[in-house]
Amino acid sequence: MKKIFSYSVIVVCVLLGLQACKPDQFLDTPVPSITDAIFFESDAAALSVLPGVYDPAGWGNYSQYLQWAIGDVVSDDAVKGGGGDGDQPQMYDLEHFQATEQTAVLEAVWSDLYVGINRANKLIAGITDNSKISADVQKRLIAESKFLRAYYTFSLVRIFGGIPIVDHILVPSEYTNPRNTIEECWAFIESDLKAAMPDLPLKSAMSADDLGRATWGSAAALLTKAYIYQGKWPEADALATEIIGSKEYHLQPNYGDLFIVETDNGMESIFDIQRKVFPNAPYDMGEATYAEIYQETRWDGIGWGFDQPTQDFYNEFETGDIRRKWTIISDGDTLWKGTPDEVIIYTRQDPVHNPDAITGYNKRKGQLPASKRGELPDQSPLNTREIRYAEVFLWQAEARAHTGGDWQSPLDSVRFRVKMGHTPISDPLAAVYHERRVELGLESQRYWDLVRTDRGNLMEGYTDNKRYFPIPRIQRDLNPNLTKNPY
Amino acid sequence: MKKLCLYLFFIMVAPVLLEGQTKNMKTIEGTITNKMTNEKLAGVSIVVPGSTRGVTTNIDGHYSIDVQPMDSLLQFSFIGYSAQVIQIKNQTKINVALVENTTNLDEVIVVGYGTQKKSDLTGSISTVNIKELSERNVSSVSQALQGQVAGVDVSSSSGTPGAGVSIRIRGIGTINNSDPLFVVDGMMVNDIDFVNPDDIESMQVLKDASATAIYGSRGANGVIILTTKKGSKGDAVVNFSSYYGIQNAWRSSNVMDGPTWAYLRNEALIAKGYAPIVPDPSILPTTNWFKEISNENASISNVDLSISGGGEKGSYYLSVNQFDQEGIIKKTSYNRLSVRSNSTLDVKPWLKVGENITLLKTTSHMPPPSDEWTGPLLTALVRDPVTSVRNDDGSFTKSVFNDTFNPVATIDYYNNANITYRTLGNVFADISLLKGLVFKTDYSFEYTYSDARDYIPVYYVFNAQQNAISSLNDYYGKNYILQWTNTLNYEKKFGNHSISALAGTESFTDNYKESGIAVSGLPKDWDAITIDNASGNNSARVNGSYSQTRQYSFLARLNYSFKDKYLLTSNFRADGSSKFLKGKRWDYFPSFSLGWKLSEEPFLKSVDIINSLKLRAGWGQIGNQGSVGSYDYLTTANSGADYIWGGVLHPGYSFPGVGNPELRWEKTTTTNFGVDFSVLNSKLSGTIEYYIRNTTGMLLQVPTPGQTGIQDSPYQNAGEMQNSGIELSLEYRNMDHAFTYSFGGNFSTIKNKVVSLGVIQGFISSASFANMAYLERTYSGAPIAQFYGYKTDGLFQNQAEIDAQTAQKNVSPGDIRYVDADKNGELDVVSLGSPLPDFTYSFNASFSYKGFDLSTTFQGVYGNKLFNGPAIYTKSSTAAWNLSRDMINRWVGEGTQNDARYPRMAANDVNNGYISDRFIEDGSYFRIKTLQLGYSLNKDLTSKMHLSNMRIYLNAQNLLTFTKYTGLDPEIGINGPLEIGVDRGVYPQGRTYSLGLNVTF
């Protein structure tokens, strides 16, 4: 017995001892992820965070959907279309000015754009005054982050009005900050863009490998746009003039070449959201856009037929203006003539093929021939043209129409490309407004052009309280300090 | 010795066995009988108190045990009988007649890291009646728990075969993970469904802190202890059981037929000045989409074979089980094949070793995801009933009325298979060091390998429902869990005092690794769908992750009883977790409980009517780390935040979450009072308990406002919550006559209150629905996750009523009026009730006469609210989707209807679709869970057939359900910590009829 006991005691002590020796060491488990504390240790690491800051700009809810749903469909340029009233009911509600706090896409866009802002702030915080990051990289990446932060904020402000400004990584006590005034938001956008401009490269100085990243011109153009939205005409004129003077950009000689894959980041591109289709990338969208399939005619059984141009918009084009056929598909139009992709499109109501067609028109801009689309019909590789050079002339013209400067020359620059000669409209503002409508038709501009120039009444059902859309209920639930919009 | 050779597991220790015949031992043998019937009892356990040595009687009631000279006592115990302790003295033959004890108070039950006499318990522990369980034809152990124990709420999250079941002990202890811990033969696991219900010997539910404290943080939400069947000494016992049944949805969809829907759709269109869809709806056909996706008379079957037995030095148990279930929705099924083996071996008088091993393979085919947009269960309700399933050419139809997916096509094109292989087991050794002092070491492991496969073919239904590239996703997960527990147990009795003490350590490691491969461009032939046949296999997309969690604990317990009347239990546990930052890892959790056996006092001993009466009180603290991830104290980078420049994809990183270095243990303090009684010759017994559970430092994953840009909300220790409740269990049995019967019932109330939300201002929003709104809010001072939305106030009957208010614009007569209580011109979001029930209850009854037996179980919940998600569509005024049949009651003119549930039909309406009390329904239900009629062949007949027992039975499950809820099923479970009672188109429960057979020989 004694022997057994002493053996046992030894065994027990060994077992207990083995297990109990260093519990704290036992609990030190390896961390298989990279923490933010050690992340920003090299230029390469900093650069690997940059794609994530651009990333939300390409996401589905805003640049592939809401931007045109508001910019075109809510405006008088287009109607919703699609498969009847019940198809995309949210877009129907937006179009008919009956959006509510529960309109889901508003909530999705709010969240997505703030993810972009947060990612910009995270990169800025990670590299600012970080001795492991070279000065050049710090400068350029901070400038790009500020440009994107301004872009996201701008996008939010024109949908919702004043929003909470977020210029740093928030701590919990700041999570429920209230909305800033719209003036404060504009000031923030301006200051970010002014800070970004000097540290961003000129497009001409950029290697082909970097094409698509923000440039001095991107920031300057967005700032001009912000001036225009605020009615700061002299500032807008000066900056537009500076952009034109920089000779960084050129109009694409053929208007019809503006919305083809070959002119992605082309001579007229000031800021493109980058799209690309990768082979064998089913399921998720990858880096493509589904705006095209939304807007493709339903007649082919593939497209969804949204964003149908109105007759009123069709009539806006002057006789002989080729921009109409590059903007609107009419019934029986032949596209990509003479190529293997040649196709005749029927856009009119047809009980068998196109029972839902409403206006009898479809959108032309952005439609790609079959050979240029991705393997999946809902994936389009065409960059989203956010800002193109022609608009700089139109800003210059609009600003000068207000300040009394030479508004005709910039308009001519735009018109001469499409061989249209001087504008027949004598009223400067009316001429600019007309030119914007046709030059930038169905490029997600019209709604904001109308409301910022007090012409909202051109839209049926619009009243001034509808200018900004409802703050999503989900966000007001999470942050009771957010006030409602008087929608 | 021959039999021992069977134990391949112990080849290593064979040499030890050979010299295992220790001198000085003497053998005691005898026969155990039932005192009333003189029936010989098999399976009675005979142990030397204070040691781990023990045997059980064979089928003839005979036992034989070797004792040492110093052993003076033998304890005889058997479930359902009063245990007896007999002095050995010089006897070599001890025959015992055991007395049946209908209250089971002297039953020995398994408590954490040991056993205890039920009558000595001071904590709150309930025992599940296994006999009834084995007759209930349950497909899983968690299902077996349903309606069995007061305070244990089991709800199926759906009727999907093999679907998870949520088990809540005493309500929601925390906003976090509230799943209880399962302990199977000493092995701690997080799920229980790998156990074949037929293998269970006993099941105990530990409810209060003093009972669970020994398990520390892992037992924070209660512990369910399972002991599986073991072999007993004697001839091998072979048991065969099998059943076969058919299942159908207990309720079909309650949506309209084609003509009725079209009539209302016309009405909606005309109301807004549009043209009707068809001039004459009455000629339209009807498609019953729910029926089209249903698999009618789905089969369910179970075959189970077990062999058990034992020799002089050990026992064995071996079982094989095959369970197959087809789903009541097409292309869903679940199949389980398991093999279980355990054995114990008395290697030396001072050493006992044993093991449990389970090998398991499950295969399931799941339905497409059930969401509120395109899920087939939802679209089967909402797709218009006019469109047929297929076109004339056999292809699937597009609806010309809306863009709702064709649910039959969704299911047809969805191919999912999940295969899981699991090996679970433990090996243990008990070493008697001194009289009363035992060292026990237990090493357990769990290895799970899972392979989930999704294949999507090329298909085209219509514009919105199409896929142009076939794809295959293969996910592999590997989970490896190791746990090592070492304890020292000491028992001692002197005079009126008896002490038992335990101390030990425990380490736990959980490794998880997963990887996924997605390829596209696959051949059409099903068998050829493999990764290497993909045309795009050189551009496969891959993902993977790895995590490790560890925990280390010290544990101790002291049981003390004085005169066998006054009882004390005290626990202490220290837990350290790798999920927290160094310095926050460790916390300490004590508990105490007291018991007083009032019926042993002289003044009650003479009261005949009272057989036993015990008062209990306990207090204890436990830690919980909830569902905190392995590295949530850190802000970590995620890949996949990619963007393109220069025409090239630049892979990028982002930081979607925010680490919280302050994270620490959440703590739950429970105070428990209980009374156990048994009266009227022990025919009536019961337990009444009252408890208060306070959770502080609650680990909350609070949704962060969008403006933070945070994608994964961080955990925080914030807030405090209280649960209190009364639990009542009663049982009445009468076994005196040939006709025997018993009734049992459980009743529990749970009062939940969030005491504070700590740093969180205002409230927590949760359960977002279709991005429209959060359905639930949690405020301090109120119960968790209450429904919030607009409150309806009837319907506008005329323009004058509309003009009398300012809050609602663009409304017409027949639209819903919402409450603007403060008349500020804005509608008020107010509380619309709680998804938590006021009380839950269950009943069971069984009768037997001669060979016949009849038993039934009812179960119900009362007072909870449910959000009927599909009703957002099926009760929409727009009639764009198919309508719930009750919408025929819609408003059609002034005075025709004023119930806000039935507004007018109007295309493109938004007013009537707001989240409001219109979609919140009474979720109370009462369900006849099982009804079973059995017949056992009499002994004369069975013995002629060389059988010891044979029983056949008919069983019905979910026979009848009574509820006012208009959705498919009111039993929808708890989907997430802050999402309770939200129906997003649930897979309904099946009603099953089956025929079964049990044979023992």
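Here is a short chat about a helix in chain A and some strands in chain B of a predicted model.

Reader: Let's start with H15(A), residues 389-403. What span should its 15 residues have, and how far apart are its end C-alpha atoms?

Author: Take 1.5 Å a residue, and count one less than the number of residues. For the 15 residues of H15(A) that gives an expected 21 Å, and this agrees with the distance in the model. The end C-alpha atoms are apart by 22 Å.

Reader: Is H15(A) mostly covered or mostly exposed, and how many of its residues are buried?

Author: Buried here takes 20 or more other C-beta atoms within 10 Å of a residue's own. By that cut-off H15(A) is mostly covered. Out of its 15 residues, the buried ones number 13.

Reader: And which residue follows H15(A)?

Author: The residue there has a positive phi, near 90°. That residue is Gly404(A).

Reader: Over to chain B. How many bridges join E37(B) to E40(B), and what faces Gly686(B)?

Author: E37(B) covers residues 684-696 and E40(B) covers residues 720-734; they run antiparallel, joined by 13 bridges. In E40(B), the bridge partner of Gly686(B) is Leu730(B).

Reader: How many residues lie between E40(B) and E41(B) in their hairpin?

Author: E41(B), residues 739-749, runs antiparallel to E40(B), with 8 bridges between them. Leu728(B) stands opposite Phe747(B) in this pairing. The two strands form a hairpin, and the residues between them number 4.

Reader: Which residue in E42(B) is the bridge partner of Asn723(B)?

Author: E40(B) also pairs with E42(B), residues 751-756, in the antiparallel sense over 5 bridges. There, the partner of Asn723(B) is Asn752(B).

How values were computed: Residues are numbered from 1 along each chain as its sequence is written. Chains are lettered from A and ligands numbered from 1 in the order in which they are written. This is a predicted model: local features need pLDDT of at least 70, side-chain atom pairs count only at pLDDT 80 or more; totals for chains, interfaces and linings use all residues. A residue is buried if 20 or more other C-beta atoms lie within 10 Å of its own, exposed if 12 or fewer, and partly exposed in between; C-beta atoms are placed from the backbone. Two strands pair if DSSP finds at least two bridges between them.
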